[in-house]
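Colleague: I'm new to this one. Could you show me how to read its sheets, helices and empty spaces?

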Amino acid sequence: MNIAVVGLSHKTAPVEVREKLSIPEPQIDGAIAHLLSYPHIDEVAILSTCNRLEIYIVSSEVTQGIQQVTQFLSEHSKLPLVSLRQHLFMLMHTDSIMHIMRVAAGLDSLVLGEGQILAQVKTTHKLGQQFQGIKTILNRLFKQAITAGKRVRTETSIGTGAVSISSAAVELAQIKVENLAPYRIAILGAGKMSRLLVQHLVSKGASQISIVNRSRPRAEELAKQFPEQPIKIHLLPDMMSVVAHSDIVFTSTSSTEPILNREKLAAALDPQHSIMLFDISVPRNVDSDVNELANVQAFNVDDLKAVVAQNYESRRKMAQEAERILDEEVEAFDVWWRSLETVSTISSLRSKVESIREQELQKALSRLGSEFGEKHQEVIEALTRGIVNKILHDPMVQLRAQQDVEARRNCMQTLQMLFNLEAEEQFG
């Protein structure tokens, strides 16, 4: 068995490609089932965020497994393989293990050290288990990655003051207008990223904030978190009216189709009124055709890179400290992984020796006769178990401790030959 990851991110693909590959949470179940139907994929986990889509697999034929994942991605995105492949990265075993550790720690994020990704890795783990994609190996890998992410955040200061996508968007808006206070600001959506938007807007002095959401209770719940800030709440039917009366609009909804486009804005906006749109959603909430309007300036997540670059250098040294922690977590996973190889041989050896013990015990007890008391039988049973455990202890410890793959396999083959074992299939 081997682990591999196939994916793309803000480093390898622009937003217009990433949005085609995005797999929203309601579609994860079907996607996992589809991937598991391929003959060379035994386990699967899907990490889908605004900046990345990554599919982790366990396969006994990893090259074929990777081909099947790329075939799935091509079908899902409706992009031909020839144009999709240039945006994909493919990592195997140790590289894929280190990759998920770095992702969970925020070291592979657009915003170095950002915290939201760890929650997204946890969600991937939970959904993978729920939909039977994650089994023994990926379960252990994701648990180790989550531990790594937590350690990096508690043992280093990389997350201290680390900007999120939301704060980078607010920072970009502030660069464009300098003082946010006089501007009427609308936020479309009321999820976690919208809450972060409000938090950063308030800290930068914004005072005229409106939230547009599909349901009122969720928007009200968000507004309650900022009791000192008057926030107006509107429902979706009022969206275009709110946008038309705003100077700056942030979009952060889970819609898989654009909710703002050239036609809607041209109909709603006064031609003399200029507006800036900051779209931090993937798939995008704002159609690229809005740039055809002279009074509209639109920015998406890929436009945040310049803002993020300014914050990168200060956290680069912290990232080096974090890498040391990740090396420890990768080694911990590798020790567990190596021990899996020995399980079948150890199991066969113990089973064979236990069978011999039971046969010889029964022979001895039958010779001692019925007058031999039950208490004495228990003592002899315990004695024979103790002898077996003591004899097996050192071979098992030594076998598990073998660091070199070839040496460990030689040891297993020797044990199998000397004791005439029929080892079960590994990971069976």
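Modeller: Sure, we'll go through the sheets, then one residue, then the pockets and cavities. This is a predicted model, where local features need pLDDT of at least 70, side-chain atom pairs count only at pLDDT 80 or more, and totals for chains, interfaces and linings use all residues. Residues are numbered from 1 along each chain as its sequence is written, and side-chain values use heavy atoms, with hydrogens and water left out.

Colleague: How do I read a sheet, and what is the order of the six strands in the open sheet?

Modeller: Helices (H or I, at least four residues) and strands (E, at least two) are DSSP runs, numbered from the N terminus. Two strands pair if DSSP finds at least two bridges between them. Here the six strands run β7-β6-β5-β8-β9-β10 in an open sheet with parallel pairing. At the edges sit β7 and β10 (296-300), each pairing on one side only. Neighbours in this sheet are turned by 20° against each other on average, direction ignored; axes are lines fitted to C-alpha atoms, for helices over the stretch in contact, and angles run from 0 to 180 degrees between N-to-C directions.

Colleague: Which strand pairs with β6, and over how many bridges?

Modeller: Strand β6 (residues 208-213) pairs with β7 (residues 231-235) in the parallel sense, over five bridges. Ile209 has Ile231 as its bridge partner in β7, and Ser210 stands opposite Lys232.

Colleague: What do β6, helix α10 and β7 make together?

Modeller: A crossover is right-handed if, with the strands pointing away from the viewer, the path from the first strand over the helix to the second runs clockwise. With α10 (residues 216-224), the two strands make a right-handed β-α-β unit. As for other packing, contact means heavy atoms within 4.5 Å. Helix α9 (residues 192-203) lies across β5 (184-188), β6, β7 and β8 (248-251), at about 160° to β5.

Colleague: And the sheet with four strands: what is its order?

Modeller: That open sheet is ordered β2-β3-β1-β4, and its pairing is antiparallel. Strand β1 (residues 2-9) is joined to β4 by four bridges, and Ala4 stands opposite Met92 in β4. Two helices lie across strands here: α2 over β2 and β3 (52-59), at about 145° to β2, and α7 (residues 136-155) over β1, β2 and β3, at about 35° to β2.

Colleague: Let's zoom in on a residue. How accessible is His34?

Modeller: Buried means under 20% relative accessible area, exposed over 50%, and partly exposed in between (1.4 Å probe, protein chains only). His34 counts as partly exposed because its relative accessibility is 32%. His34 belongs to helix α2 (residues 25-36). Leaving out residues up to four places away in sequence, His34 touches Phe72 and Glu75. His34 and Phe72 are 38 residues apart in sequence, but 8.2 Å apart in space, C-alpha to C-alpha.

Colleague: How do I read empty space, and what volume does the largest pocket have?

Modeller: Rolling a probe the size of a water molecule over the atoms shows where empty space is left. On a 1 Å grid over the protein atoms alone, a cavity is a set of points where a 1.4 Å probe fits but cannot get out, and a pocket is an open set with protein on both sides within 12 Å along at least five of seven lines; lining residues have an atom within 4 Å of a point. Grid points are joined across faces, edges and corners, and a volume is the space filled by probe spheres set on the points. The largest pocket has a volume of about 1,200 Å³. Helix α6 (116-130) supplies the largest share of its lining, six residues.

Colleague: How many cavities of 30 Å³ or more are there?

Modeller: The whole structure has two. The largest cavity is about 90 Å³ in volume, and its lining includes Thr49, Cys50 and Ile165.
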